[in-house]
Amino acid sequence: MTEEKPTDAQTSEGHTETAALPQDFLDILVCPLGKKPLRQEKDELVCTVCGVRYKISDGIPIMLIEEATLPDGVSSIEELECYSEGEG
């Protein structure tokens, strides 16, 4: 019996890690609320202005506002800076 080795996307503990998205792809993605730039933090994209987090699943960013994680201390999207900027 051979020992299974972790794949590139899997650590020895069995946790899946998300590879960095290509920079040219990141450059065109923006926060859907206020059209502000995003940065990648592990398996999430984070708005550089309002801090909303969008999950990356199997290398695909889930950019649905309904699926986003709000920053600590924020209870609704209406409280976010990007939300008020995107209303106009």
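Student: What makes the group around C31, L33 and L38 a nonpolar core?

Tutor: Happy to start there, keeping in mind that this model is predicted. A nonpolar core needs buried residues of the nonpolar kinds, joined through side-chain atoms within 4.5 Å. The largest such set here has 15 residues, and those with the most contacts inside it are C31, L33, L38, L45, C50, V52 and Y54. Strand 2 (44–47) and strand 3 (53–57) each supply at least two residues of this core.

Student: How do you know what L38 is in contact with?

Tutor: The test is heavy atoms within 4.5 Å. With neighbours within four places in sequence left aside, L38 is in contact with L29, V30, C31, L45, V46, C47, T48, Y54 and M63.

Student: What share of the chain counts as buried?

Tutor: A residue is buried under 20% relative accessible area. By that cut-off, 23% of the 88 residues qualify. The accessible surface of the chain comes to about 6400 Å², and 49% of that belongs to carbon and sulfur atoms.

Student: Good. Now, which order do the helices and strands follow along the sequence?

Tutor: The pattern is α-β-β-β-β-α, which comes to two helices and four strands.

Student: What makes the four strands a sheet, and is the pairing parallel or antiparallel?

Tutor: Two strands pair if there are at least two bridges between them. The four strands form an open sheet in the order 1-2-3-4, with antiparallel pairing. Strand 1 and strand 4 (60–61) are the edge strands, since each pairs on one side only. Take strand 3 and strand 4 as a check: two bridges join them, so the requirement of at least two is met. As for individual partners, I56 is bridged to P61 in strand 4.

Student: Why is the contact between E41 and R39 called a salt bridge?

Tutor: The cut-off is 4 Å between a side-chain nitrogen of Lys or Arg and a carboxyl oxygen of Asp or Glu. The closest N and O atoms of E41 and R39 are 2.7 Å apart, so the pair falls within the limit. The structure holds four salt bridges.

Student: Are E41 and R39 buried or partly exposed?

Tutor: Partly exposed lies between the 20% and 50% limits. E41 has a relative accessible area of 27% and R39 has 37%, so both count as partly exposed.

Student: What makes R53 and E41 a salt bridge, and where do they sit?

Tutor: Their side chains meet at 2.9 Å, N to O, so they too satisfy the 4 Å limit. R53 is in strand 3 and E41 in strand 1 (residues 38–41), so the pair links distant parts of the chain, twelve residues apart. R53 is partly exposed, at 26% relative accessible area.

Student: And why does the salt bridge of D43 with K55 tie together separate parts of the chain?

Tutor: The closest N and O atoms of D43 and K55 are 2.4 Å apart. D43 lies in the loop between strand 1 and strand 2, while K55 lies in strand 3, so the pair ties together parts twelve residues apart in sequence. D43 is partly exposed at 26%, and K55 is partly exposed at 40%.

Student: Which residues are joined into one network by salt bridges that share partners?

Tutor: The network consists of R39, E41, E44 and R53. You have already met one shared partner: E41 bridges to R39 and also to R53.

Methods: Residues numbered from 1 in each chain as written. Predicted model: local features only at pLDDT ≥ 70, side-chain atom pairs only at ≥ 80, totals over all residues. Heavy atoms only, no water. Buried < 20%, exposed > 50% of the residue type's maximum accessible area, 1.4 Å probe, protein only. Areas by Shrake-Rupley, 256 points an atom, 1.4 Å probe, with all protein chains shown as cover.
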